[in-house]
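Below is a short note on the structure, set out as numbered points. Please read it with the coordinates open.

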Amino acid sequence: MITERKVYNFGAGPSALPQEVFAEAAQAVKNYQSSGLSILEISHRSNLFMDIMLEAETLIRSLMQIPDHYEVLFLQGGGSQQFAMIPLNLLPDDKTAYYIDSGIWAKKAFEESETIGRSAILVSSEKNSYNSIPKEFSVPQDAAYLHLTTNNTIYGTQWFNAPKINCPLIADASSDILCQEINVADYDLIYAGAQKNLGTAGVTVVIIKKDLLGRSKRVIPKIFDYQQHAKAKSLYNTPATYAIYVMLLTLRWIKKMGGVSEIEKLNRQKAALLYNEIDSNPLYKGHAVLEDRSLMNVVFQMTNPEMEKKFLKAAELFDIIGIQGHRSFGGFRVSLYNAIPLGHVEHLVSLMNQFREESVQ
Ligand code: PMP
């Protein structure tokens, strides 16, 4: 039975999923497809699980229109493990890995790469408190690859067009995968932890051009080698079976919603509603510059910071949670991932409005 959600969860991840995904995932824990087995106890080599893997891969391929010359891997270790796997696999000694520093996660990816090989920040928006995407740059000749973060979860900025460059382009899409239509062929590798737009924590999707596999000139542990995982069809070691199942349910839901184009429309509607309130209500001010405003994480402050505590209290009374800004930055961050219904944003906006009326009385 699908029950009405009681709390409005705008948390940045792990985050809200569609109610029907919760209901089906719960049922599968009790008895998966009337098999008499819990999804938690089925072997990763069983036919039951093979079907889950196959459908999940087929669905993500069709939803994102992933060309055949890309491999889709379901790995573990989160986005953070990818920060290391990328240079381990793709950064030879005689080249440099370039990073666009658009926020803390971008910088963490760079810092991990530095431990492995020659790495450099090409351009950064740190001086402006990461309120924009740095787009003015040219990539030097010795680039092994350029790494960017398509959505900056903490600062609320997002890329809407992939830059055209002459070296492999790598994208951390942890906080915006499947939120808008993209051309996968613009990238050479896209990765994303599942816990925001794709399901629950535990599985990381890696979409990698096949000709990048096996190119590592380093001696690396097999467990970090993309080629090993590709050869083993993501079963090199025990995969995150339950997380992959929840991802499958989430992908089915996206398909049922009309696919990525419909989800994008909805995401644009939700974001417009909230940004409009921030722009028209003098109590609030947005962080990101207009053209780089994220559809996924809306970051704002109160014009009078002393009112922030009061606003948070009022939000609690409205059963709204997860809107406090990242601990490194403060203010507010409202995450509008795919599963957040428009009605939840309307609820938040009505609080913001009401708060304004009360504060002028
Ligand atoms: N990249 C981005 C853009 C993120 O938002 C996060 C986590 N919020 C990460 C990477 C790190 O992911 P994980 O915790 O799965 O390693």
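1. Helices, here H or I runs of at least four residues, and strands, E runs of at least two, are DSSP runs numbered from the N terminus. On that basis Gln-33 sits in the loop between H1 and H2. Gln-33 is not a glycine, yet its phi is positive, at about 45 degrees. The model is a predicted one, and this loop residue may be worth a look on screen.

2. A second backbone point concerns the peptide bond between Gly-13 and Pro-14, which is cis, with omega at about -5 degrees. Pro-14 belongs to the loop between strand S1 (8-9) and helix H1 (19-30).

3. Next, the ligand. Its surroundings comprise 13 residues, of which Ser-80, Thr-153, Asp-172, Gln-195 and Lys-196 come nearest. By class, the shell around the ligand holds nine polar, two charged and two nonpolar residues. Helix H3 (residues 78-90) supplies four residues to this shell, the most of any contributor.

4. Which atoms of Ser-80 and Thr-153 approach the ligand? For Ser-80, an N or O atom of the side chain is 2.5 Å from an oxygen atom of the ligand. For Thr-153, a side-chain N or O atom is likewise 2.5 Å from a ligand oxygen atom. Gly-79 takes part through its backbone, with an N or O atom 3.2 Å from an oxygen atom of the ligand. The ligand taken alone exposes 390 Å², and the protein buries 85% of that.

5. One sheet is open and has seven strands in the order S2-S10-S9-S8-S5-S3-S4, with mixed pairing. Which strands stand at its edges? They are strand S2 (70-75) and strand S4 (119-124), each of which pairs on one side only. On average, and ignoring direction, neighbouring strands of this sheet are turned by 20 degrees against each other.

6. At the S4 end of that order, strand S3 (residues 96-101) runs parallel to S4 and is joined to S4 by five bridges. Ile-100 has Val-123 of S4 as its bridge partner. At the S2 end, helix H2 (residues 47-64) lies across S2 and strand S10 (204-209), and runs at about 130 degrees to S2.

7. A further open sheet has three strands, ordered S11-S12-S14, and its pairing is antiparallel. Strand S11 (284-286) and strand S14 (332-335) each have a single partner strand, so one side of each is left without a neighbour in the sheet. From one strand to the next the twist averages 35 degrees.

8. How many bridges join strand S12 (residues 297-302) to S14? There are four, in the antiparallel sense. Val-298 has Val-334 in S14 as its bridge partner. Helix H7 (residues 260-280) packs on this sheet and touches S11, S12 and S14, with its direction at about 15 degrees to that of S12.

9. Lys-265 is a residue of helix H7. What does its side chain contact? The side chain of Lys-265 makes a polar contact with that of Glu-262, at 2.9 Å. Lys-265 and Gln-180 are 85 residues apart along the chain, while their C-alpha atoms are separated by 8.2 Å.

Definitions and conventions. Residues are numbered from 1 along each chain as its sequence is written. This is a predicted model: local features need pLDDT of at least 70, side-chain atom pairs count only at pLDDT 80 or more; totals for chains, interfaces and linings use all residues. Side-chain values use heavy atoms; hydrogens and water are left out. A residue is near a molecule or strand if one of its heavy atoms lies within 4 Å of it. A polar contact is a pair of N or O atoms within 3.5 Å; within protein, one must be able to donate a hydrogen and the other to accept it, and residues adjacent in sequence count only if both atoms are side-chain atoms. Accessible areas come from the Shrake-Rupley method with a 1.4 Å probe; for residues, only the protein chains shown count as cover. Ala, Val, Leu, Ile, Met, Phe, Trp, Tyr, Cys and Pro count as nonpolar, Asp, Glu, Lys and Arg as charged, and the others, Gly among them, as polar. Two strands pair if DSSP finds at least two bridges between them. Axes are lines fitted to C-alpha atoms, for helices over the stretch in contact, and angles run from 0 to 180 degrees between N-to-C directions. Contact means heavy atoms within 4.5 Å.
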